[in-house]
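Dear colleague,

Please find the structure we spoke about below, so that you can keep it open while you read. My notes on what was found in it follow directly after.

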Amino acid sequence: MTAVPPTRDDDAAPTERPDAHHPGDAEPPHGPAAGTVTVGGPSTRDVPDDTDGLALGDPDRGLGDPDGDPGDPGDPGDLDDLDAVKEPEEPPLPTRERLLRTLLGADRLALGTTPRERLTGWLWPIAVTVVAGIARFWDLGRPHHLVFDETYYVKDAWSMITRGYEAQWSAEPNPAFEAGDASGLGTVASYVVHPPVGKWVIGLGMQLGGGPESSAAWRLSVAILGTLSVLMIARIARRLFASTALGVVAGVLLAVDGEAIVMSRISLLDPVLTFFVLAAFGALLLDREQARRRLAERAAVVIDAGQDLGWGPRLGWRWWRVAAAVLLGLAIGTKWSGIYFLAVFGLLTVAWDVTARRSVGVRHWVRAGVLRDGVVAGIVMVGLAAATYVASWWSWFTSTEAYNRQWAVLNPEQGVQWLPPALRSLWKYHQDMWGFHNGLETPHTYSAHPLGWIIQWRPTSFYYPTEVSGLTGQAAQDACGADSCSQAITALGNPVLWWCAAAAILVALVWLVRFRDWRAAAVLSGIAAGWLPWFLYAHRTIFTFYSIAFLPWVVLTLTYVLGLVIGPKDDLEDRQRRWAIASVGMLLALIVGVSVFFYPIWTAWVVPYDFWHSHMWLTRWV
């Protein structure tokens with residue numbers, strides 16, 4: 001297998017003026033292949049009609065002969081062609097079309113332009129989503145027990161639906177709640193340390209699914225969001241890599257991963273956070289394409305009029321960026337770790353704008369991009385995300401009995417005096433929440449340093465009941481057909497997927513640094529936002545299952561590198577390409593097979609103890 005360095009559209013390396021070479025010009029020195037190489041199969045690479053392929057150091061791209069000089073008359077092959085009839089030159093593309101090709105690449109422009117391609121672009125992702133839904137919804141109510149931190153979030157969610165705020169429960173409320181009796185809910189406010197959005201999402205699912213008596217209802221919302229995340233990532237990868245096949249690969253990987261399955265079947269806040277940040281990333285990807293189309297159209301008008309671009313045209317109101325900001329505000333309203341996604345994605349979208357202005361020929365593109373696009377993006381994204389976050393506390397504002405709601409009234413001389421009383425109380429509440437999160441150092445058997453998350457070194461055991469593992473004799477035989485039994489929910493990612501993805505991250509980093517491929521930056525952005533900040537909090541009690549927040553980008557990174565392995569069909573011989581595709585297919589088949597093997601311990605099947613133990617490949621998994 002040969003990994004082929006990706007040629008870029010615009011974000012890989014600086015260009016000259018966008019009209020330096022185009023199909024109407026004399027042929028540039030890097031060979032006769034103008035335009036864009038369209039990749040067959042599940043991998044694509046955009047090659048603009050300029051010298052960017054050479055800028056990436058691709059020694060084989062479009063060279064006429066081994067010495068790279070197709071016009072050298074000293075080569076015998078060239079002498080044979082002296083009398084050949086030259087093909088007529090194609091007419092030049094309109095400026096707008098040329099800029100679009102420079103900014104987006106021909107493959108991305110061609111995506112979804114035929115009815116069949118549009119149909120398959122939806123049918124295949126939907127088919128994968130159906131499979132993901134089966135894995136997530138099959139016997140969703142098993143086990144009919146509050147698992148791990150469901151004991152907090154499910155009951156808090158029902159309190160939000162019933163009271164409008166998190167209220168305290170009677171002592172030992174779980175057995176009664178699991179029996180469908182929610183009478184243990186009081187009216188005294190409970191101190192909670194996470195914002196309300198995720199609990200509202202869980203509570204709405206409970207209300208729609210049948211209330212406290214149904215354990216499937218407890219988990220309905222996260223199962224829906226986890227399933228929809230598969231559809232989103234398939235469509236996102238399709239647009240990111242300009243390939244329906246690669247989109248399907250990404251969808252399959254997320255559909256069968258163990259951590260994704262477990263976290264779609266247990267009502268915690270983290271899968272809700274994952275849904276919102278993935279949706280925000282997809283919105284920004286759509287904004288990138290829409291903004292570049294708008295830039296090409298408006299810049300073409302200026303260029304065709306013979307005027308100087310200056311700082312380039314303004315791009316107007318960008319609704320997909322607005323949508324991303326609102327989604328990120330909801331993510332922060334689920335867990336504060338959404339703030340890091342806002343920061344990283346905000347920088348990423350500004351970088352896309354800056355490099356777009358460079359590509360159309362803006363001379364002072366950094367200054368123009370930062371001042372014309374970056375300042376506006378910062379105000380819009382941070383402002384809207386903050387407004388959405390504050391608005392997400394609406395039920396706290398309207399509930400006078402909510403925790404700390406009356407703090408400012410009871411402490412008129414304390415706190416931030418220039419804020420209104422309600423916001424002063426909310427600020428004090430947030431100070432208390434920050435102190436809790438930063439100081440949480442309670443020892444836990446399954447706490448894990450973030451360094452090991454990427455290889456699933458210490459997965460979290462959510463459920464392993466002694467009433468099953470303690471069975472003996474005939475009771476064990478009846479339960480699992482063996483002398484001893486196990487029932488487990490282990491938040492363990494598919495080990496083959498995660499181990500391959502860990503290596504893929506290193507490859508993507510090399511491609512980002514060496515070839516400056518914007519897609520490498522995109523797939524790594526979510527990993528940077530969802531993983532790296534936790535190293536600052538390694539002193540506190542944290543768990544591997546937090547990695548669900550950046551799992552979609554782990555999948556995208558592996559998909560990206562698999563696309564490199566296959567490469568464009570023009571860069572590999574037919575036999576090499578068949579071997580590359582077969583190798584990728586075998587890896588995907590292995591990952592799916594491993595998921596089938598591990599599925600029982602992800603979903604609380606009662607199995608023989610020896611069967612469970614055969615899944616504990618590393619001692620740290622027990």
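Which handedness does the disulfide of Cys-480 and Cys-485 have, and why? Before answering, I should say that this is a predicted model, and the values below are to be read with that in mind. The torsion about the S-S bond of Cys-480 and Cys-485 is about -80°, so the disulfide is left-handed. A disulfide is a covalent bond between the sulfur atoms of two cysteines. The structure holds one disulfide, and in this pair, Cys-480 and Cys-485, the sulfur atoms lie 2.1 Å apart. Both Cys-480 and Cys-485 are buried, whereas Cys-500, with a relative accessible area of 26%, is partly exposed.

Next come the charged side chains, for which the count of salt bridges in the structure is 17. In one of them the side chains of Arg-238 and Glu-117 meet, with a distance of 2.7 Å from N to O. This pair links distant parts of the chain, since Arg-238 belongs to helix H10 (residues 220–241) and Glu-117 to helix H5 (residues 115–137), with their positions 121 residues apart in sequence. Arg-238 and Glu-117 are both buried.

A salt bridge is also found between Arg-321 and Asp-353, where the closest N and O atoms are 2.8 Å apart. Because Arg-321 lies in helix H14 (residues 319–332) and Asp-353 in helix H15 (residues 338–360), the pair ties together parts that are 32 residues apart in sequence. The relative accessible area of Arg-321 is 4%, and this residue is therefore buried, as the cut-off is under 20%. Asp-353 is likewise buried, with a relative accessible area of 6%. These two residues do not stand alone, for salt bridges that share partners join Asp-287, Arg-318, Arg-321 and Asp-353 into one network. A further salt bridge connects Asp-517 with Arg-519, its closest N and O atoms being 3.1 Å apart, and both Asp-517 and Arg-519 are buried.

Another arginine that you may wish to look at is Arg-540, which is placed in the loop between helix H23 (518–530) and helix H24 (551–566). Although Arg-540 is in a loop, this residue is buried, with a relative accessible area of 11%. If neighbours within four places in sequence are left aside, the residues in contact with Arg-540 are His-437, Leu-440, Glu-441, Trp-534 and Tyr-546.

Among the helices, H3 (residues 95–104) is mostly covered, as seven of its 10 residues are buried. The buried residues in H3 are Thr-95, Arg-98, Leu-99, Leu-100, Thr-102, Leu-103 and Leu-104, and what covers them includes helix H4 (106–110), helix H13 (270–304) and H15. Just after H3 comes Gly-105, which takes a positive phi of about 85°.

The backbone has some other features that deserve a careful look. Between Arg-142 and Pro-143 there is a cis peptide bond, with omega about -5°, and Pro-143 lies in the loop between H5 and helix H6 (150–163). Phe-148 is also found in the loop between H5 and H6, and its phi is near 50°, a positive value in a residue other than glycine. Phe-148 is buried, with a relative accessible area of 17%. Gln-456, which is not a glycine either, has a positive phi of about 55°, and its place is in the loop between helix H19 (421–439) and strand S3 (460–463). Gln-456 is buried, with a relative accessible area of 0%.

Which residues have the most contacts inside the largest nonpolar core? That core has 143 residues, and those with the most contacts inside it are Phe-462, Phe-545, Trp-553, Val-554, Leu-556 and Tyr-560. Not counting residues up to four places away in sequence, Phe-462 touches Val-147, Phe-148, Val-262, Met-263, Ile-266, Leu-268, Ile-489, Ala-491 and Phe-545. Apart from the largest core lies another one, of 16 residues, which includes Leu-104, Ala-300, Leu-309 and Ala-356.

With kind regards

Notes. Residues numbered from 1 in each chain as written. Predicted model: local features only at pLDDT ≥ 70, side-chain atom pairs only at ≥ 80, totals over all residues. Heavy atoms only, no water. Salt bridge = Lys/Arg side-chain N within 4 Å of Asp/Glu carboxyl O. Helix = DSSP H or I, 4+ residues; strand = E, 2+ residues; numbered from the N terminus. Buried < 20%, exposed > 50% of the residue type's maximum accessible area, 1.4 Å probe, protein only. Contact = heavy atoms within 4.5 Å. Core = buried A, V, L, I, M, F, W, Y, C linked by side-chain atoms within 4.5 Å. Disulfide = S-S within 2.5 Å.
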